[in-house]
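Biologist: Hey, got a few minutes to go through this one with me? I'd like to start with the charged side chains.
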Amino acid sequence: MSGLTLQGRNRLRLFGLLSPVTLLIGGFFVAPLLIMAAYSLAEPGMYGGVEWNFYPDSFGRVLGWADGSNEEFDIVYLEIILRSFRIALLTVLVSLLVCYPVAFWVSRLDARKRNFFLFLITLPFFASLIVRLYAWVLILRPSGFLNQFLHHLGINAELDLIYSETAVLIGLVYIFIPFMFLPIYASVEKLDRRLIEASQDLGASRWQTFRKVILPLTMPGVAAGSIIVFIPSLGNFIVPSLLGGAKVLMIGSLVEQQFLAARNWPFGAALAMLLMASVLVFLLLYVRSLSRAEALEGRP
Amino acid sequence: MMRRLGQNLLSGYSLLFFVFLYLPIGLIFVYSFNGNPLNMMIWGGFSLDWYRSIFGMANSLADNVQYIESTDQLLGSLRTSLSVALITALISTVIGTLTALALARFRFRLQGFYRMLLFMPMMMPDVVLGISLLIFFVNIGIPLGKVSIIIGHCSFLVSYVFIVVSARLAGMDTRLEEASADLGANPWYTFRRITLPMILPGVIGGALLSFIISMDDLVITYFISGVDSTTLPVYIYGMIRRGIKPEINAIATLLILASLLIAAVGLYLRNRQPAALKAEDSHGS
């Protein structure tokens, strides 16, 4: 060791620090994804296995083209994918509308109260996910809390919300709301109050102030929150399975079915590849919009 | 006048938001003490019977209203969860900390690549992680069980530890390390006496975070847990899918209390950071 130069010794140290993570992520994250990609292009075998022939039809099947197991043109999978996108977008929209005003309210409190409410918002993130979803099963099912509560108020609505898109939407908003709130809050807190006052002094209406001053300045938080909520919502399968039942399938549920029930692994892998590709596209768009925003800010 | 009205509306809206956040959790808590054996949605007096039932203790309920199949299964899944989470937290904390040190203290060409590589597992949908690991383990021949779960959890939790420890390293004064090196301490001694104590809150925070996420992970574990190595969330998921039973409320309440306790410890440690730094500063001078 003493024969090594300083640079050589530093190299060795860096190599030692980085090899564990390289082995871990390379071996158990990158390699599995590559094998999954290979599976998505392999032919499904007779009894749940795979035949190693090039077989792009799994991707065609997603779009509805006929293949060995689907005799006719059928857009059932396309419908499920479109529904996933619709539900994920609605989740983003609803949690945005819910969080935005509350972020302003929290930012105007005095320091002690503010910290307390921020603590309250982060806390559910640590509480078990399955338990938080289970709570909504209790609330939304026909004999559940919501109908009983309405009954007490004298309203016999007999809502049957569970196993509907609304139930899935509520569940997704509920579990991902801290991820939307915190980025928005961060940009609201940074907002320079003097800019708002200046806008009002110059005669702008409240709506104009919001649209021309407040909204553009809090946009980074809105964008970050939206992407962090959109991605896990799109691929979720626990929420549709507990609150959507068999009626509201999403891409994630479809992948699960192909792996654990239908045993068509190549088709499941193809669906997972599409899910991964859409996530990467959205991330890329986000990163590009970030660098564009930075370029704009750098402009005099 | 309008302004006051707007303020009140905003406050009311925000309070509703917090009710939305906590009402569901509160409901489970209340229902878990409901002694009504036939309809758990109707209050039948305070009772600890469901808690007794999940631990297999005798209770005043008739045997035919005990819904849990076996306490052994429940406790077994709890044991699996705890051991998986402990080992996962240990491994991912060590590797994540080493990685954070490498990226913070060295300049090298692949730095950007490594940052991206560590970012990817956090952004990948759980279901993709789960099934790619399932295909991988089946093909490589690693049997599905505790080992596969631990490997799967470490492969994405190392990123979380990396982020937490990196944040800590970024706020650290490098002059202390330089001074230690200038005074002739070898790198290991500097690490043990200077760097480690200063980043310790970050390391502990990362360990707690990975412990909690590992304990709570459902989707990835669902795909890569074997038949006889069910974790607690997977077990509860199975229970809920078979039907709503009052014991689930008691288990859920205990689980929430446990994770809130860990979270509170974590947040307390984070708040203590400035104090710890001050103590070290005065110690150093």
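Biologist: Is A:Glu165 buried, exposed or partly exposed?
Modeller: A:Glu165 is partly exposed, with a relative accessible area of 28%. Keep in mind that this is a predicted model.

Biologist: Okay, and what does A:Glu165 form a salt bridge with?
Modeller: A:Glu165 forms one with A:Arg86, and their closest N and O atoms are 2.7 Å apart. A:Arg86 sits in helix H3 (residues 76–107) of chain A and A:Glu165 in helix H7 of chain A, so the pair ties together parts that are 79 residues apart in sequence. A:Arg86 is partly exposed too, at 41% relative accessibility.

Biologist: Which residues are linked with them in a network of salt bridges?
Modeller: The network links A:Arg83, A:Arg86 and A:Glu165.

Biologist: How many salt bridges are there over all chains?
Modeller: Six over all chains. Among them is the one between A:Asp192 and A:Arg194, where the closest N and O atoms are 2.9 Å apart. A:Asp192 is partly exposed at 28%, while A:Arg194 is exposed at 61%.

Biologist: What about chain B, which residue forms a salt bridge with B:Asp49?
Modeller: That's B:Arg52, with the closest N and O atoms 2.8 Å apart. The two residues are three apart in helix H2 (residues 49–54) of chain B, so about one helical turn separates them.

Biologist: And is B:Asp49 buried or exposed?
Modeller: B:Asp49 counts as buried because its relative accessibility is 7%, and buried means under 20%. B:Arg52, on the other hand, is partly exposed at 32%.

Biologist: New topic: rings. How many aromatic pairs are there over all chains?
Modeller: There are 37 aromatic pairs over all chains. One of them is A:Phe125 with A:Phe179, an edge-to-face pair with 5.5 Å centre to centre and 90 degrees between the planes. That pair links distant parts of the chain: A:Phe125 is in helix H4 (residues 111–126) of chain A and A:Phe179 is in helix H7 (residues 165–190) of chain A, 54 residues apart.

Biologist: Are those two buried or exposed?
Modeller: In between, really. A:Phe125 is partly exposed at 29%, and A:Phe179 is partly exposed at 28%.

Biologist: Then why is the pair of A:Phe259 and A:Trp265 tilted?
Modeller: Their planes are at 40 degrees, with the ring centres 5.2 Å apart, so the pair is tilted. Planes have to be under 30 degrees apart to count as stacked and over 60 to count as edge-to-face. Both rings belong to buried residues: A:Phe259 has 0% relative accessibility and A:Trp265 has 7%.

Biologist: Which residues do ring pairs link into a cluster?
Modeller: The cluster has A:Trp105, A:Phe116, A:Phe117, A:Phe181 and A:Tyr185 from chain A, plus B:Phe17 and B:Phe18 from chain B.

Biologist: Which residue lies over the face of A:Phe267?
Modeller: A:Arg61 does, at 4.1 Å from the ring centre.

Biologist: What makes up the nonpolar surface patch?
Modeller: B:Phe29, B:Val30, B:Trp43, B:Phe46, B:Leu48 and B:Leu257 make a patch of about 610 Å². B:Leu257 is in helix H11 (residues 246–284) of chain B and is partly exposed at 45%.

Biologist: Last one! How many disulfides are there over all chains?
Modeller: Zero over all chains. As for individual cysteines, A:Cys99 is buried at 0% relative accessibility, and B:Cys154 is buried at 2%.

Methods:
Residues numbered from 1 in each chain as written. Chains lettered and ligands numbered in written order. Predicted model: local features only at pLDDT ≥ 70, side-chain atom pairs only at ≥ 80, totals over all residues. Heavy atoms only, no water. Disulfide = S-S within 2.5 Å. Buried < 20%, exposed > 50% of the residue type's maximum accessible area, 1.4 Å probe, protein only. Phe/Tyr/Trp six-rings, centres within 6.5 Å; stacked < 30°, edge-to-face > 60°. Helix = DSSP H or I, 4+ residues; strand = E, 2+ residues; numbered from the N terminus. Lys NZ or Arg CZ within 6 Å of the ring centre and 35° of its normal. Patch = residues over 30% accessible without salt bridge, like charges linked within 9 Å, V, L, I, M, F, W, Y side chains within 5 Å. Areas by Shrake-Rupley, 256 points an atom, 1.4 Å probe, with all protein chains shown as cover. Salt bridge = Lys/Arg side-chain N within 4 Å of Asp/Glu carboxyl O.
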